[in-house]
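Thank you for making time for this at group meeting. I would like to take one helix as a starting point and then step back to the whole chain.

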Amino acid sequence: MAGTFTIHAVQPPIWQQLAACNRESPAAFYPPIGAEKKHERLARERVAKSICAGCSVRSLCLDQAVANDERYGIWGGLTADERRSLGRSA
Ligand code: SF4
């Protein structure tokens, strides 16, 4: 109908709706803007990985990250470097 608009909300895939990180701050999963010292990065990654360890959709998350070549952040309990290592050894 002319002059009217329909807005369709885009729902994330069901696995993302079940993600344990939905209830957490993204700060643990991505580096801050600016410098991050090594001990800070390791501590942040430990927090994120502990959340991922209890996530029921971890394998789906990791599959998507690898398939999409996600270059930043913790996905499926792995850092970007760890995901790249998976790709090389596969
Ligand atoms: S595995 Fe980690 S990053 Fe992936 S959805 Fe679960 S909590 Fe989030």
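**The exposed side of one helix**

On one side of helix α2, the residues Lys 38, His 39, Leu 42, Ala 43, Arg 46, Ser 50 and Ala 53 are exposed, where exposed means that 12 or fewer other C-beta atoms, placed from the backbone, lie within 10 Å of the residue's own, while buried means 20 or more and partly exposed anything in between. This is a predicted model, in which local features need pLDDT of at least 70 and side-chain atom pairs count only at pLDDT 80 or more, although totals for chains, interfaces and linings use all residues. Residues are numbered from 1 along each chain as its sequence is written.

Which residues of α2 are buried? They are Ala 48, Ile 51 and Cys 52, and, seen down the axis of α2, these buried residues fall within an arc of 100°, so they line one face of the helix; the arc is that of the directions from the helix axis to the C-beta atoms. Their cover includes α3, residues 58–67.

Helix α2 itself runs over residues 38–53, and its 16 residues reach 22 Å from first C-alpha to last, close to the 22 Å expected, that expectation being 1.5 Å times one less than the number of residues.

Stepping back, the protein has four helices and zero strands, where helices (H or I, at least four residues) and strands (E, at least two) are DSSP runs, numbered from the N terminus. Of its 90 residues, 14% count as buried, and its C-alpha atoms fill a box of roughly 60 × 35 × 25 Å along the principal axes.

How values were computed: Contact = placed C-beta atoms within 7 Å.
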